[in-house]
Amino acid sequence: MSKRWIVLKRNLLNFWQAFRRNRMGLLGACLVFSALFVAFFAPYLSPYQPNETIRDANGRGLTFAPPSVHAPLGTDDAGRDIWSQLVFGARISLTVGFLAGFIAMFIGSTLGILAGYFGGRIDNLLMRTTDILLVIPDLPLMLILVATLRRLELHISPIVILVLVIGLLYWTTTARLIRSQVLSLKERQFVARARAIGAGYLHIIRKHIVPQILPLVVANTVLTISVAILVESGLAFLGLGDPTKPSWGTMLNFAFDRNAISNGAWWFYLPPGLAIVWVSLGCVLLGNVLEEMLNPRLTSHHLEGEALMVARQPTQPARQEKA
Amino acid sequence: MDTQTTCAGGASQRKMEAQQTILEVRQLHKHFPVRQALVDTLLHKPGKTVRAVDGVSFSIGRGKVMALVGESGSGKTTIARTLIGLEEPTSGEILFDGQMLDDSRRHTRDEPKTPARISLKCLRLRAQMVFQDPYESLNPRATIFEIVAEPLEVHGIAKEAQEREKRVTTALEEAGLRPAADYFLRYPHELSGGQRQRVVIAAAMALEPELLLADEPVSMLDVSIRAEILNLLRELQRRRGVSILFITHDMGTVAYFADQLAIMYLGRIVESGETFQVLRNARHPYTQALLSVVPVPNPRLRRQRMILQGETPNPVDIPSGCRFHPRCPLASERCRHADPELREVEAGHQAACLLVG
Amino acid sequence: MQTPAGGASPLSRPVGLSEPSQNPLLSVRHLSTDFVSLDKTKKGAEVAHALEDVSFEVCPGQTLGLVGESGCGKTTTLMSVMRLLSAAGRITAGEVLLDGVDLLDLSEREMRRYRWKEMAMIFQGAMNALNPVVPVGDQIREPILLHELMDRPEADRRVEELLDLVGIAKSRKDQYPHQYSGGMRQRAMIAMALACEPRLLFADEPTTALDVMIQAQVLELLKHIQAELGLAIVLVTHDLGVIAEVCDSVVVMYGGVVAEYGPIDAVYNTPQHPYTQLLLEAFPDLNRPAETLASIPGTPPRLNDLPPGCRFGPRCPKYWGFCSEQKPRLVEVTSMASRQAPFLQQHWAACHLLEEVASPATVKEND
């Protein structure tokens, strides 16, 4: 099994070398990873607690204070530091975004593979379900679901509800994408060869289908995460988040509810908005670049000239091969 | 499931009565139904079928090479796919080493399972297929080692890493890729077309099969590489005694190492026999026409070429009587009504033509 | 060829040469083409020398074969002559004389008048070169209208003539490519190529994907058309049998250079270049089933990583030290067979062994 590691390391190295050259991709990666960094090290990066009121010399709360040396992004209506809230809010936004994204990816890929590989009734059933979900407008449906789940008093944290709702509704695009890939993969000769050897469907899916679609799944997941973050922000803005653990969307909700706009406190609503854009943009750039790079390209036939005819990177010494 | 023991029962029987014929096909039919337009279904119009393989019988001797030659639409690839189990036969029998192929998908449970039956899984242990396109038949994201080890993995053989490595090494080296260890971690796109085809052959030979189904193994390779691969196949046949069903449309390569030759047209074998007998003394008009138009690298050769008009008809609409009669230069009124069977022309040489035998 | 009733066709030219002409219609001299890598992320440009010093001639009524394996530059040669190279291709040297006019000197606008009118091409993978949503008749008519040779009704009649010529029923004029079979599509491509009455036809692997019987039909058609219209044909293929069947002379290419060039008889029966010799031995002959077919170990060279000296050196069984020091030039090989050929009496090969053997008096360089 050590062979696998060698191969994996080599692949990652090749990938990294190619990725390094793509400016857009690097930018996207920087955006995303900086956000992750901030979220991870939140306690060390925030001078105050997010719900701590900053008081001035007289002990009065410093409400709606513009950015200053004490509070780099100013304070909100209760004198709490915006920067600290932002930094802790990153944790919530990113967690929900990533978790929901992963759930959507997982469901979507599995269903896509099943539908694509087995076809027939399974395919029909799944595709009709997808159609139904696509037809119903997202936002109203999610509002209803979240509201219903809360009413049921299942004692689930609102954050978890958000994750579930977003994850369970956003798998459809992924499923469609994966399904069409699998459909075309199924017909390729190396799959026919595997069947001729006697491989069962599990082996074929595991060894032949999944490795081919994995890159696409990765790229698609990143894009789904960006959507999830946006959706979460939207739902939180509408008040469906957890006020005790504010995400960026919740911060926007507070800003709106507590008259930040009429008070001219731009430092209350701009930072969370920009933060959302920061991360979403990063994910989109990264996802697009990944998709471009990892797209399985068509192989060429010998009559069109061997693809090796013009070597792009001489990775091996040109030796005399007695093939 | 331990395939070794379930097939081993056949193996001991094998030793006792080693058959001279490794593969026998009897009256094989493979028809594909054509999907009807909704309108036609409502109007109760009879459905159409593509009769890709329409009554084919032949046998291959142990250690022999048989070439199946035909143009597109002749059904040769469908036969290979049916033999290896990628398609289910519509009717007919396939016997491997004297045992009837038991395609459990078709047979009902109350049919008695006599000992002389072989399951599809066992068949795949002893017969392997070599595909046409070396660029497509290898998983681009699998290493060469994984590709060659795959048949072993699927059938649960050589589970220990060391033994598996040994078998993969043997297979690769026999296929001419030396030193084998150099190739273990490489990917298909790093190899040339000829090398890739060798990998395909190595993977097919990993299980040490008794029968190879080679579907156009060299038609996608350059001319100078073709010879290598053909030589390799021939060497494998001589050294390992593996029988080969060699499917091709290229007459030129057939003379090279096929013992037996069968010409197919529209789902039937129209002529068959020992290679040189068929080539020197072709009796069916289609064979004669084919042989006369195969390009030969000899500019001084002047010959009478029989160029047939039109194209092979669609297997959906097979002509009445002798299926070749619309294009046959020797067709007569009789040919439109009677469907000829394979008749003996000389010892070991048959042709299906009303004007013969 | 029927001319429309009511007057001569504006395109009429003397056709049907009864005797082969000796004057070359197309003369390619020392053509060299490079492909430059356009990838901006790489430091410095990567250059692939796709063609180097390629020369040959084609006379009216003659069929020249261009044979070689994948990557040898045969398609690039055609593209260079027609000046249809991709953005990365650059012709770096040589002349392409069509009836005395150097095509490489022309501007793009002038060149467009030559394309299809003087020389036309049947592309490789003809099946896919047809537009699936346009009726075949319209596609054949397109170049006629583009070159403003006739008005529409006349052009339609011409399309029917062409379909007739290639053996497709006129009633199929308005059908779509998917309704045609493989062989018919190839014929449609031929009809399209002949639309503007070119004098020179390039056929890039015209029969490679076809069944052997259809291949025979298409080759027969090409020969028939050539006899009727006096066309010069350059046939590119990797099939040595097809070349022997239809060509009068042949150029054997390897790794972007000409290895051997001469009349078909001379090259096939007395091949001088080791590559030609091996290639002929590797090609199965139905009438002479050999004990073993020759194979050439190794792979063709990478065009941006060429071996020094002779490009075939690393794989040549007759290799000796000097081969990797200097590139061999095309040297004339005298033989009886070539003297009797209708076109092109000379036989050339690029191999150091020939230069060493021949004395200075009998060695004549390719001009």
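The exercises below, each with a worked solution, concern a predicted model.

**Exercise 1. Establish how far the coordinates of chains A and B can be trusted, and where the confidence drops.**

Begin with the averages: chain A has a mean pLDDT of 81, with 89% of its residues scoring at least 70, while chain B has a mean of 85, with 90% of its residues at 70 or more. Next, turn to the elements. In chain A, confidence is lowest in helix α1 (residues 2-20), at a mean of 80, and highest in α4(A), at 91. Among the elements of chain B, helix α1 (residues 3-16) has the lowest mean, 45, and strand β10 (residues 260-265) the highest, 94. Then locate the stretches that fall below 50. In chain A, residues 298-323 do so, although the model gives this stretch 45 contacts beyond near neighbours in sequence. In chain B, residues 1-6 are below 50 and have 8 contacts beyond near neighbours in sequence, and residues 8-17 stay under 50 with 5 contacts beyond four places in sequence. The last step is one of caution: where pLDDT is low, the predicted coordinates should not be read in detail.

**Exercise 2. Describe how α4(A) and α10(A) pack, giving the geometry and then the make-up of the contact.**

Take the geometry to start with: helix α4 (residues 82-118) and helix α10 (residues 201-237) of chain A pack at an angle of about 145°, with their axes 7 Å apart, and the crossing is right-handed. Now list the partners. From α4(A) the contact includes A:Ser93, A:Val96, A:Gly97, A:Ala100, A:Ala104 and A:Tyr117, and from α10(A) it includes A:Tyr201, A:Ile205, A:Thr221, A:Ala228 and A:Glu232. Sorting the residues of this contact by kind gives 15 nonpolar, 8 polar and 1 charged.

**Exercise 3. Find which residues touch the most other members of the largest nonpolar core, and which element contributes most to that core.**

The core holds 290 residues, and those touching the most other members are A:Ala228, B:Val148, B:Ala202, B:Leu213, B:Leu245 and C:Ala259. By element, the largest share of this core comes from α4(A), with 17 residues. One of the named residues can then be followed outwards: leaving aside residues up to four places away in sequence, B:Ala202 touches B:Val148, B:Ala171, B:Leu172, B:Ala175 and B:Leu177.

**Exercise 4. Characterise the side of chain B that touches chain A, and the side of chain C that touches chain B.**

For the contact of chain B with chain A, 28 residues of chain B meet 24 residues of chain A. On the chain B side, α4 (120-126), α5 (144-154) and α7 (193-205) each supply at least two residues, and α5(B) gives the largest share, 4 residues. This side divides into 13 nonpolar, 8 polar and 7 charged residues.

For the contact of chain C with chain B, 37 residues of chain C meet 30 residues of chain B. On the chain C side, at least two residues each come from α7 (212-229), α8 (240-246), α9 (264-269) and α10 (274-282), with α7(C) giving the most, 6 residues. Here the division is 20 nonpolar, 10 polar and 7 charged.

**Exercise 5. Assess the burial of helix α1 (residues 74-82) of chain C against that of the chain.**

Chain C comprises 12 helices and 12 strands, and 49% of its 367 residues count as buried. In α1(C), 8 of the 9 residues are buried, so the helix is largely enclosed by the rest of the structure. The buried residues include C:Lys74, C:Leu78, C:Met79 and C:Val81. Just after this helix, C:Arg83 takes a positive phi of about 55°.

**Exercise 6. Place the unusual backbone geometries of B:Pro179, B:Glu216 and C:Asp99 in their surroundings.**

The background is that most residues other than glycine have a negative phi, and most peptide bonds are trans. The bond from B:Arg178 to B:Pro179 is cis, with omega near -10°, and B:Pro179 sits in the loop between α6 (161-174) and α7 of chain B.

B:Glu216, in the loop between β8 (211-215) and α8 (223-240) of chain B, has a positive phi near 45°. With 19 other C-beta atoms within 10 Å, B:Glu216 is partly exposed, since a residue needs 20 or more to count as buried.

C:Asp99, in the loop between β4 (89-98) and β5 (101-102) of chain C, has a positive phi of about 55°. C:Asp99 is also partly exposed, with 13 other C-beta atoms within 10 Å, because a residue counts as exposed at 12 or fewer.

Notes: Residues numbered from 1 in each chain as written. Chains lettered and ligands numbered in written order. Predicted model: local features only at pLDDT ≥ 70, side-chain atom pairs only at ≥ 80, totals over all residues. Axes fitted to C-alpha atoms, helices over the stretch in contact; angles between N-to-C directions. Left-handed = near helix turned anticlockwise from the far one by under 90°. Contact = placed C-beta atoms within 7 Å. Nonpolar A, V, L, I, M, F, W, Y, C, P; charged D, E, K, R; others polar. Core = buried A, V, L, I, M, F, W, Y, C linked by C-beta atoms within 7 Å. pLDDT = per-residue confidence, 0-100.
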